[in-house]
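Colleague: I should be grateful for a close look at one part of this model, namely the sheet and the helices that pack around it. Please describe how these elements are arranged and which residues make the contacts.

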Amino acid sequence: MKLCHGLTGGIGSGKSTVSAMFAELGARIVDTDIISHQLTQSNGEAIPKIREVFGSQLIDAQGALDRKMMRELVYTDDGAKRRLENILHPLILAHTRSQALSPTDTPFTLVVVPLLFESGRYRDWLNRVIVVDCDETTQISRTMQRGNLDEDAVRSIMAQQLERSRRLLLADDIICNDGDLSYLREQVTKLHSRLIKL
């Protein structure tokens with residue numbers, strides 16, 4: 001069986017950019033954010049349970065999760081956040097493992113999990129974990145530009161994630177994303193070559 005490695009990092013660290021670079025080099029990418037969106041889109045597998053637990057007001061006219069309403073709810077209500085996680089996380093894990101462990105002709109699979117260390121559900125079956133890292137000021141400015149969020153909102157998201165120093169201690173490999181794209185690509189290319197040889 002081909003090896004499966006994890007890719008994680010704080011919000012705004014550049015996980016999507018790095019995973020796209022690995023994909024260009026031939027790695028198979030399994031992204032838990034994409035799986036989560038599939039589960040909560042119109043007629044998604046999680047929709048009936050979300051409707052049952054939260055009511056129809058959190059399902060939009062197309063039958064998909066109303067992300068804006070849910071985001072507002074879970075940021076103000078820890079109980080709602082836990083209920084949503086109890087619905088989604090087991091489904092995301094099952095789909096992720098199924099995709100990641102299925103046969104592939106790629107050299108390895110990269111599983112992108114924003115809360116990899118926090119969840120406790122992935123580390124035991126992934127061979128190595130790569131952390132994409134940048135300083136917190138960069139994280140905040142990138143996320144504000146990308147997501148139309150203010151600084152307080154970004155900081156509250158960051159507060160729910162593992163501290164940067166702890167994440168770096170737990171990493172098997174670190175990709176520094178404080179520089180330009182050519183430096184980032186150089187790091188990804190070198191690491192890709194090392195991972196192929198494992």
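**The sheet and its helices**

Modeller: In this predicted model, helix α1 (residues 15-24) lies across β1, β2, β3, β4 (129-133) and β5, and runs at about 150° to β1. Helix α2 also packs on the sheet, where it touches β2 and β3, and its direction makes about 50° with that of β2.

The sheet beneath these helices is open and consists of five strands in the order β2-β3-β1-β4-β5, with parallel pairing. The edges are taken by β2 (28-31) and β5 (173-176); each has a single partner strand, so one side of each is left without a neighbour in the sheet. On average, and with direction ignored, neighbouring strands of this sheet are turned by 25° against each other. As a general point, strands of a sheet pair through backbone hydrogen bonds, either parallel or antiparallel. Within the present sheet, strand β1 (residues 4-8) and strand β3 (residues 109-112) run parallel and are joined by four bridges. H5 has L110 in β3 as its bridge partner.

From the sheet, the description passes to the helix contacts. Helix α2 (residues 32-40) packs with helix α5 (residues 78-100) at an angle of about 120°, and their axes are 10 Å apart. The two helices are therefore oblique to each other, and the crossing of α2 and α5 is right-handed. On the α2 side the contact involves T32, I35, S36, L39 and T40, which meet L88, L91, I92, H95, T96 and Q99 in α5. By class, the residues of this contact of α2 with α5 are five nonpolar, six polar and no charged.

Helix α5 also packs with helix α3 (residues 47-54), here at an angle of about 155° and with the axes 10 Å apart. That angle makes α3 roughly antiparallel to α5, because values over 145 degrees are counted in that class. The crossing in which α3 passes α5 is right-handed. K49, I50, V53 and F54 of α3 make this contact with A80, R83, L84 and I87 of α5. The residues of the contact of α3 with α5 divide into six nonpolar, no polar and two charged.

Taken together, α2 touches β2 and β3 of the sheet and also packs with α5, while α5 in turn packs with α3.

Notes
Residues are numbered from 1 along each chain as its sequence is written. This is a predicted model: local features need pLDDT of at least 70, side-chain atom pairs count only at pLDDT 80 or more; totals for chains, interfaces and linings use all residues. Side-chain values use heavy atoms; hydrogens and water are left out. Axes are lines fitted to C-alpha atoms, for helices over the stretch in contact, and angles run from 0 to 180 degrees between N-to-C directions. Angles under 35 degrees count as roughly parallel, over 145 as roughly antiparallel, 65 to 115 as roughly perpendicular and the rest as oblique. A crossing is left-handed if the near helix is turned anticlockwise from the far one by less than a right angle, and right-handed if clockwise. Contact means heavy atoms within 4.5 Å. Ala, Val, Leu, Ile, Met, Phe, Trp, Tyr, Cys and Pro count as nonpolar, Asp, Glu, Lys and Arg as charged, and the others, Gly among them, as polar. Two strands pair if DSSP finds at least two bridges between them.
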